[in-house]
Structure formats: C-alpha cells, structure tokens
Amino acid sequence: MLRPLGNRVVIEKKEHEQTTKSGIVLTDSAKEKSNEGVIVAVGPGRTLDNGERLKPELNVGDRVVFQQYAGTEVKRDDTEYLVLTEDEVLAVIED
Amino acid sequence: MLRPLGNRVVIEKKEHEQTTKSGIVLTDSAKEKSNEGVIVAVGPGRTLDNGERLKPELNVGDRVVFQQYAGTEVKRDDTEYLVLTEDEVLAVIED
Amino acid sequence: MLRPLGNRVVIEKKEHEQTTKSGIVLTDSAKEKSNEGVIVAVGPGRTLDNGERLKPELNVGDRVVFQQYAGTEVKRDDTEYLVLTEDEVLAVIED
Amino acid sequence: MLRPLGNRVVIEKKEHEQTTKSGIVLTDSAKEKSNEGVIVAVGPGRTLDNGERLKPELNVGDRVVFQQYAGTEVKRDDTEYLVLTEDEVLAVIED
Amino acid sequence: MLRPLGNRVVIEKKEHEQTTKSGIVLTDSAKEKSNEGVIVAVGPGRTLDNGERLKPELNVGDRVVFQQYAGTEVKRDDTEYLVLTEDEVLAVIED
Amino acid sequence: MLRPLGNRVVIEKKEHEQTTKSGIVLTDSAKEKSNEGVIVAVGPGRTLDNGERLKPELNVGDRVVFQQYAGTEVKRDDTEYLVLTEDEVLAVIED
Amino acid sequence: MLRPLGNRVVIEKKEHEQTTKSGIVLTDSAKEKSNEGVIVAVGPGRTLDNGERLKPELNVGDRVVFQQYAGTEVKRDDTEYLVLTEDEVLAVIED
C-alpha cells in the first residue's frame with residue numbers, strides 16, 4: 001500500500017460506466033475521462049508556518065471529485081492510483 | 001450532492017434567457033456565456049496561517065457573478081455545476 | 001445591485017466626452033479608452049493573515065483612476081460595471 | 001488633483017532638455033526617454049501583514065529616478081502624470 | 001556518501017525488472033522509467049519562518065514513489081543517486 | 001548625488017583594463033562586460049513584515065561583484081551608475 | 001578574496017580527472033561538466049522574517065554537489081569561482 005506524505009492523498013479512480021440516454025454502453029474512445037474516485041489513503045496533513053500539522057479534511061472512503069490532469073499516476077499490483085494534494089480535491093460526493 | 005472543500009463553493013449556473021431589444025430570443029450560438037449563478041454549497045472556508053478557519057462570506061442561495069473561465073465544471077444527475085474558490089466570486093447580486 | 005466580496009469594488013465607468021483642442025467632438029473610434037469611473041459599491045475589505053479585516057481606503061462616490069484592462073466587466077440593467085480589487089485602483093480624483 | 005492609494009505616488013515627469021556635447025539641442029526622436037520626475041502626491045503607504053501602515057520614504061517635492069516603463073500614465077488638465085508604487089522609485093536625486 | 005542539506009533526501013533508484021504478463025523480461029528501451037527508490041540519506045529538514053527545523057517525515061530505508069523528472073542525478077562510485085526535496089516525494093510504499 | 005530607497009544601493013562600475021597574457025590592451029569589443037563596482041550609496045534597508053528596518057550588509061566604499069544584467073543604469077554628470085537591490089550583489093571583494 | 005552576502009557561498013569548482021574504465025584520460029570535449037566543488041567562503045546566512053540570521057549549514061572546506069547551471073561565475077586571479085545560494089547546494093560529500 002501507499003502511505004502519502006504531507007497533505008497528499010491517494011485516490012483510486014472510478015471509471016463510471018458510461019451509457020448514452022438510449023442505453024448504449026460507450027466504448028473507451030467515446031468516454032469522457034473521469035475525475036472521480038475514492039480516497040484510499042490520507043497523509044498526515046500540511047505543516048503550518050508555526051510548525052503545527054493541519055488536520056486533513058478528507059477521510060479514507062470519501063468519494064471525491066478532483067481537478068482534471070492534477071497529480072501523479074502510480075501503478076501498484078495492476079491498480080492505477082492517483083496521488084494528489086488535498087488542494088487538488090474539489091468536493092466530496094454525498095448521496 | 002457535492003460538499004466542497006476549503007474555501008470552495010458549488011454554483012449552479014443561470015443561463016438567462018437572452019432576448020434582443022426588439023424581443024427576439026437568441027439561439028445558443030448568439031448567446032454570451034453567462035457568468036452568473038446561484039450558490040448551492042459552501043465549503044468550511046480557507047485555513048489561515050495560524051490554523052484558524054476563515055468564515056466564508058458567501059451563503060447558500062446567494063445569486064453571484066463570478067470570473068469568466070474560472071473553476072471546474074462537474075456534472076451530477078444531468079445538472080452542470082461549477083466548483084470554484086470564493087476568491088473567484090466577484091459579487092453578490094441583490095435586488 | 002452588486003455587493004462586492006473581499007477587497008473588491010464596483011465601478012461605473014465614465015466615458016468623458018472627448019473634444020480636440022479646436023472643439024471637435026471625437027467619434028468612438030478616435031476616443032482613448034477611459035480608465036476613470038465612480039465607485040458605486042465597496043466590499044468588506046481584504047482579510048489579513050491574522051484573520052482581521054482591513055478597512056478599505058475607498059468610499060462610495062469616489063471618482064477614481066484605475067489600471068487599464070484590469071477587472072471584470074459586468075452588465076446589469078443596461079449599465080456596464082467594472083468589478084476590480086482595491087489594489088487595481090490607482091488614485092482618487094479630487095477637485 | 002490625484003490622491004494616490006496605498007503605497008502609490010504620483011510623479012510629474014521631467015523631460016530634461018537634451019543637448020549634445022557640441023551644444024546642439026536634440027529633436028524628439030533623438031532624445032532618450034526620461035525616467036526622472038518630481039513627486040507631486042504620496043499615498044498613505046503600504047499596509048503590513050499586522051494591519052499597520054508603513055510610512056512612505058518619499059515626500060512631495062522629491063526629485064526621483066524611477067524604473068523605466070513602470071507605472072500607469074494618467075493625463076489631467078493637459079499634464080501627463082505617472083502613478084507608480086514606491087517600490088518602483090529607485091532613488092532620490094540630491095544636489 | 002552524500003549528506004543532503006535542508007529538506008533534501010538522497011534516493012537510490014530501483015529499476016524493477018519488468019516482465020510482460022507472459023513472462024518475457026523487457027529490454028531497456030521497452031521499460032517505463034522508474035519513479036521508485038529507497039531513501040539512503042535524509043537532510044536535517046526545512047527551516048520554518050520562526051527559525052525552527054521541521055523534522056523530516058522520511059527515514060533512511062523507506063521505499064518511496066517520487067515525482068517523475070524531479071531532482072538532480074548525482075553519480076558516486078558507479079551508483080546513480082537522485083537528490084530531491086521531501087516535497088517531491090509522493091508516498092512511502094508499505095507491504 | 002543619488003540617495004537610494006529601501007534595500008537599494010548605487011554602484012559605480014569599474015571597467016578593469018583588460019590585457020591579454022602577452023600584454024596587449026583589449027579594444028572595447030573584445031572586453032568582457034564588467035560586473036564589478038564600488039558602492040557609492042546605500043539605502044536605509046529592507047522593511048521586514050513586522051515594520052522594522054533590516055540594516056544593510058553593504059557599506060559605501062565596498063568593492064563588490066554583482067549579478068550580470070541586474071538593476072537600472074542611471075547617468076548623472078557623465079558618470080554611469082547602476083542602481084540595484086542588495087539581493088543582486090553577490091559578494092564583497094577583499095584584498 | 002570574495003566575502004559572500006546573505007545566504008550565498010563561494011565555491012571553487014573541482015574538475016575531476018575523467019578516465020574511461022580502460023584508463024584513457026578524456027579530452028575536454030568528452031568530459032561531463034562537473035557540479036562538484038569545495039566551499040571557500042560562506043556568507044552570514046539568510047535573514048528570517050523576524051530579523052534573525054539563520055546560521056548556514058555549510059562550512060569552509062566542505063566538498064559539495066550543487067545544482068547544474070546555478071549561480072554566477074566570478075573570475076579572480078585566474079581562478080574561476082561560483083557564487084550561489086545555500087539553497088542551490090544539494091549535498092555535502094563525505095568519505
């Protein structure tokens with residue numbers, strides 16, 4: 001497993017099955033690139049100028065939307081993860 | 001629903017019906033892109049260097065004008081939302 | 001009306017009638033673009049790093065000179081306003 | 001008159017008459033652009049992070065050298081002024 | 001040995017043997033460039049604005065993933081090391 | 001004379017006579033541009049965020065090496081001066 | 001001698017004699033440019049925002065590796081020195 005540093009988080013991307021309104025499942029080339037995923041690891045948080053750690057807002061298991069093209073992709077055991085900073089996560093998806 | 005992080009807000013864009021002075025409703029290609037919308041969610045606010053949260057100026061329901069081309073578009077349940085930071089919101093529209 | 005956020009102000013631009021020295025009123029294409037206007041709304045001011053608000057220097061009614069090409073134009077009820085930060089206002093015009 | 005904001009100053013540019021060593025007064029196209037002038041107005045000064053104003057180093061009447069191409073030109077009553085920040089003024093000329 | 005300064009670390013890169021799913025060991029030109037390695041030295045840490053040292057998160061022996069193309073390569077005794085700042089290390093690999 | 005502002009200094013450039021090893025004095029086009037000079041004036045120093053002045057490290061009379069292409073050239077009474085910030089001075093030359 | 005200012009250091013570059021594995025000494029054009037050297041002078045250190053000096057990590061005599069292409073070359077008495085900031089020094093070489 002990956003243990004992120006500082007204010008970084010590790011995300012497992014969700015490729016949501018994409019179907020047109022008439023129910024046709026889209027092939028890969030017709031899909032929009034997903035910017036959704038699930039948080040699988042959270043770093044200890046950003047260090048403030050006074051030396052204290054800022055507790056992260058995100059938790060493992062959160063479904064999130066993140067900035068497109070942000071972060072670095074890391075492959076571990078055939079799974080593609082994305083490591084990005086908490087600042088690059090836009091919002092938590094709630095149901 | 002989307003729960004924004006930090007000093008981010010979620011906006012539902014308002015496409016105001018555009019009519020010329022003589023009353024003709026404009027087609028899509030002739031419309032100016034709207035930079036107006038309604039705040040539908042507000043994050044917990046920016047964290048200051050001393051670790052305290054800065055209370056956001058914006059509230060859910062505020063009609064706002066924002067910087068053109070700012071933020072990231074996120075589609076949820078056929079609605080197009082815009083996630084941007086409070087700094088990218090210019091003004092609240094009051095009547 | 002527009003209620004600006006943070007250290008932003010709303011300006012109503014003044015297009016001063018431009019006449020040549022011999023008294024000819026210039027047509028639009030020959031005019032210099034004005035960077036003068038009147039403050040019509042002032043935000044609550046910039047937030048300092050210690051969380052306090054910095055009181056704005058500008059007041060509603062101030063005639064000002066601002067940086068050319070700064071800010072965002074916003075149209076409300078057929079009037080063209082300009083929303084910019086207090087930093088982009090250069091000076092107050094006094095008589 | 002112009003009352004500058006923050007750490008800005010208003011300068012009236014001095015075009016020094018330029019003569020060659022043999023005494024010929026140069027025409028406009030042969031002159032070097034002057035970066036000298038006289039301070040005609042001084043703003044209240046820059047605001048520090050703790051909210052205090054920093055007293056300006058410059059005074060009305062100071063003859064100064066400033067960075068070429070800095071600031072914004074503002075015309076009032078047929079006089080061309082230059083509004084720039086105190087940081088863009090290099091030195092005071094003393095005799 | 002290299003003793004890194006400030007918040008820098010020294011990494012010995014791991015070129016993981018790359019085999020296709022059918023077991024063929026890949027030649028050099030077909031390999032992806034590794035961004036994995038082992039920490040072999042850790043600097044004293046970043047100095048905060050109040051003059052205190054921030055204790056590094058990384059330890060000698062940590063297996064890490066780092067940003068591709070970050071840092072400077074340094075060759076010592078036929079071994080290729082990479083010197084980068086702790087900010088450029090993304091995550092620790094744990095088993 | 002020039003009295004520099006803030007953390008600026010005024011330098012009188014030294015064009016060291018350049019001779020080849022065999023004693024030939026080089027013409028202008030063959031000379032390297034000098035980045036050496038003598039400090040002729042020192043400003044009051046940079047203002048820290050707490051409002052205090054930081055005493056300059058340089059003194060009038062110091063022979064210094066500075067960053068090539070830094071600063072602004074100012075001509076006074078046929079002498080070419082260079083106004084630059086203390087940060088752009090690299091080192092004092094001692095004998 | 002050169003006395004560096006602030007957080008700068010003066011380095012005398014080491015061109016290590018480069019021999020191929022079979023013992024052939026390489027000519028100039030075949031050499032890699034060295035980014036190793038010895039510290040010959042250390043400045044008083046960086047000034048923190050509270051006005052205190054940060055004691056440098058480096059000492060005269062340290063053998064160091066620095067960022068390629070960083071700093072300014074200064075020639076004194078036929079020796080080529082390099083003046084760079086402590087931040088541009090990557091690591092101390094220890095035996």
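These questions and answers go through a predicted model, from one chain to the sheets that the chains share.

Q: What confidence scores come with the model, and how does chain A fare by pLDDT?
A: The model is predicted, with an ipTM of 0.81 and a pTM of 0.83. Chain A has a mean pLDDT of 87. In that chain, 81% of the residues reach 70 or more.

Q: What does chain A contain in the way of helices and strands?
A: Chain A has seven strands and zero helices. Along the sequence the pattern therefore reads β-β-β-β-β-β-β, each β standing for a strand.

Q: Which share of chain A is buried, and what makes a residue count as such?
A: A residue is buried if 20 or more other C-beta atoms lie within 10 Å of its own. Of the 95 residues in chain A, 27% are buried.

Q: Why is A:Gly37 called buried?
A: The cut-off for a buried residue is 20 or more other C-beta atoms within 10 Å. A:Gly37 has 23 C-beta neighbours inside 10 Å, so it counts as buried. This residue is found in strand 3 of chain A, residues 36-42.

Q: Which residues are in contact with A:Gly37, leaving aside its neighbours within four places in sequence?
A: They are A:Ile11, A:Glu12, A:Lys13, A:Lys14, A:Val64, A:Phe66 and A:Leu82. One of them, A:Glu12, is 25 residues from A:Gly37 along the chain, and the two C-alpha atoms are separated by 5.4 Å. For chain A as a whole, residues 24 or more positions apart account for 61% of the contacts with a separation of 6 or more.

Q: Why is B:Tyr69 called exposed?
A: A residue is exposed if 12 or fewer other C-beta atoms lie within 10 Å. B:Tyr69 has 8 other C-beta atoms within 10 Å and is therefore exposed. B:Tyr69 is placed in the loop between strand 4 (63-66) and strand 5 (72-76) of chain B. The phi of B:Tyr69 is positive, about 70°, although this residue is not a glycine.

Q: What makes B:Asp77 exposed or buried?
A: With 6 other C-beta atoms within 10 Å, B:Asp77 falls on the exposed side. The limit for that class is 12 or fewer. The loop between strand 5 and strand 6 (79-85) of chain B holds B:Asp77. B:Asp77 is not a glycine, yet its phi is positive, at about 50°.

Q: How do you know that strand 1 of chain A pairs with strand 7 of chain E?
A: Two strands pair if DSSP finds at least two bridges between them. Strand 1 (residues 2-4) of chain A and strand 7 of chain E have three bridges, so they pair, and they do so in the antiparallel sense. Within this pairing, A:Pro4 has E:Ala91 as its bridge partner.

Q: How many residues of chain E are in contact with chain A?
A: The contact involves 15 residues of chain E and 15 residues of chain A. On the side of chain E, strand 7 (residues 89-93) gives the most, with five residues. By class, that side has eight nonpolar, three polar and four charged residues.

Q: Why is it said that chains A and E meet through different surfaces?
A: Only 13% of the interface residues of chain E are also interface residues in chain A, so the copies meet through different surfaces. Chain E is superposed on chain A by a rotation of 52° with 0.1 Å of shift along its axis, at an RMSD of 0.0 Å.

Q: What makes strand 5 of chain C and strand 1 of chain D edge strands?
A: They belong to an open, antiparallel sheet of seven strands in the order 5(C)-6(C)-2(C)-3(C)-4(C)-7(C)-1(D). Strand 5 (72-76) of chain C and strand 1 (2-4) of chain D each pair on one side only. The twist from one strand to the next averages 40°.

Q: How do you know that strand 2 and strand 6 of chain C pair?
A: Pairing needs at least two bridges. Strand 2 (residues 8-13) and strand 6 (residues 79-85) of chain C have five, so the condition is met, and the sense is antiparallel. In this pairing C:Val9 stands opposite C:Leu84.

Methods: Residues numbered from 1 in each chain as written. Chains lettered and ligands numbered in written order. Predicted model: local features only at pLDDT ≥ 70, side-chain atom pairs only at ≥ 80, totals over all residues. Helix = DSSP H or I, 4+ residues; strand = E, 2+ residues; numbered from the N terminus. Contact = placed C-beta atoms within 7 Å. Least-squares fit on C-alpha atoms with pLDDT ≥ 70 in both. Nonpolar A, V, L, I, M, F, W, Y, C, P; charged D, E, K, R; others polar. Axes fitted to C-alpha atoms, helices over the stretch in contact; angles between N-to-C directions. pLDDT = per-residue confidence, 0-100.
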